[in-house]
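Hi,

Here is the structure I promised to pass on to you. Have a look at it first, and then read on for what turned up.

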Amino acid sequence: MEEPEGCPAPEELEEEEAREDEEEDGIMPPDDVFSSAAAEAREEGDSEERKCQECGERSHNTEFFKAFQISVCNQCKWDAPAYKCMTKTEAKETFLLTDADLDPGRGGLAFVVRSNPRKERWNQMKLYLRQQVEQKSHERFGGPDGLEAEIRHRVMEQYARKRKKLEGKLPKKKTRTAGIKPRAKSPERHTHRWGEEVQVGDSDDWTKTCVECGAVDCFMKL
């Protein structure tokens, strides 16, 4: 006997009744029967129930987990240095990373967004996990030693640029103009070489003569 058109087959009715019985008994249906919306809701519920991986007591910070995939509560996040965050400017200045290194769309790092504490009207801050920033920097420069060498290199380059700029501002030393005769050197001072002393008659007067220039010096001997 043919089934009336529009009526479910007996096999379909049996499967529907079995599914209803399982739900009433608390048995979860297979994963493939969940819709995507239900799956997302289940994941969010699991995320909220996660405990802190440090203390194991308090619930983890959901925003921190969504950004960095780390289950840690607010208290441990503040106490442990491993979970400290830093701004984009600090990451670029301290660890020499570029915008491309930090851009998540180009294989960069995840971040959380916070309002600027200086002025609310300013652009929001991007906070990166310090340990991830440090690891990214070490991968780029070949470890801590490579990063330190690059920092020294950039400091020396900056010093050289500043010195060159400063030298350009100093007045140049004037050179002697062509056509002007240099000042003549003063003649050396003459030192007399006196000859023999000669008495003038029977008086007390005496004379002596320079053997080089002929100058005569008169003096008296008592």
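In what order do the strands of the open sheet come, and is the pairing parallel or antiparallel? The order is β4-β5-β6, three strands in an open sheet, and the pairing is antiparallel. Before you go further, keep in mind that this is a predicted model.

**The open sheet**

The edges of that sheet are β4 (198-199) and β6 (216-220), each of which pairs on one side only. On one side, β4 pairs with β5 (residues 205-209) through 2 bridges in the antiparallel sense. If you want a spot to look at, valine 198 has threonine 207 of β5 as its bridge partner. On the other side, β5 and β6 are joined by 5 bridges, again antiparallel, and aspartate 205 is matched with methionine 220 in β6.

The turns are worth a click too. The hairpin of β4 and β5 has 5 residues between the strands, and glycine 201 there takes a positive phi near 60°. In the hairpin of β5 and β6 there are 6 residues between the strands, and here glycine 214 has a positive phi near 80°.

Which residues of β5 point to one face and are buried? Those are Trp206 and Lys208, while Asp205, Thr207 and Thr209 point to the other face and are not buried. That is the pattern to expect, because in a regular strand the side chains alternate between the two faces of the sheet.

**β3 and its partners**

Now go back along the chain to β3 (125-129). Of its 5 residues, 4 are buried, so β3 is largely enclosed by the rest of the structure. Strand β1 (residues 85-87) runs antiparallel to β3, and 3 bridges join them. You can find methionine 86 opposite tyrosine 128 of β3. β2 (112-114) also pairs with β3 in the antiparallel sense, over 3 bridges. In that pairing, valine 112 has leucine 127 of β3 as its bridge partner.

**Two pockets**

What is the volume of the largest pocket? It comes to about 290 Å³. The lining of this pocket is made up of Asn61, Glu63, Phe64, Lys77, Trp78, Tyr83, Lys84, Cys85, Val112, Arg114 and Leu127. At least two lining residues come from each of α3 (62-68), α4 (74-79) and β2 (112-114). Sorted by class, that lining has 6 nonpolar, 1 polar and 4 charged residues. Note that Val112 and Leu127 from this list are the bridge partners from the β2 and β3 pairing.

The second largest pocket has a volume of about 190 Å³. Around it you will find Thr87, Lys88, Thr89, Asn116, Trp122, Asn123, Gln124, Met125 and Lys126. Both α5 (88-95) and β3 (125-129) give at least two residues to this lining. Here the split is 2 nonpolar, 5 polar and 2 charged.

**Aspartate 101**

Aspartate 101 sits in helix α6 (residues 99-102). Is aspartate 101 buried or exposed? With a relative accessibility of 15%, aspartate 101 counts as buried, because the cut-off for buried is under 20%. What does its side chain do there? The side chain of aspartate 101 makes a polar contact of 3.0 Å with the side chain of threonine 98, and another of 2.8 Å with the side chain of arginine 140. If you set aside neighbours within four places in sequence, aspartate 101 is in contact with Gly108, Leu109, Lys136 and Arg140.

**Two residues with a positive phi**

Last, here is a pair to compare. Glutamine 69, in the loop between α3 and α4, has a phi near 60°, a positive value in a residue other than glycine. Leucine 96, in the loop between α5 and α6, also has a positive phi near 60°. Which of the two words, buried or exposed, fits glutamine 69? Glutamine 69 counts as exposed at 56% relative accessibility, whereas leucine 96 is buried, with a relative accessible area of 10%.

Happy browsing!

Notes: Residues numbered from 1 in each chain as written. Predicted model: local features only at pLDDT ≥ 70, side-chain atom pairs only at ≥ 80, totals over all residues. Heavy atoms only, no water. 1 Å grid on protein atoms, 1.4 Å probe; cavity = no way out; pocket = protein on both sides within 12 Å on 5 of 7 lines; lining within 4 Å. Points joined across faces, edges and corners; volume = space filled by probe spheres on them. Nonpolar A, V, L, I, M, F, W, Y, C, P; charged D, E, K, R; others polar. Pairing = 2+ DSSP bridges. Buried < 20%, exposed > 50% of the residue type's maximum accessible area, 1.4 Å probe, protein only. Polar contact = N/O pair within 3.5 Å; in protein donor to acceptor, adjacent residues only side chain to side chain. Contact = heavy atoms within 4.5 Å.
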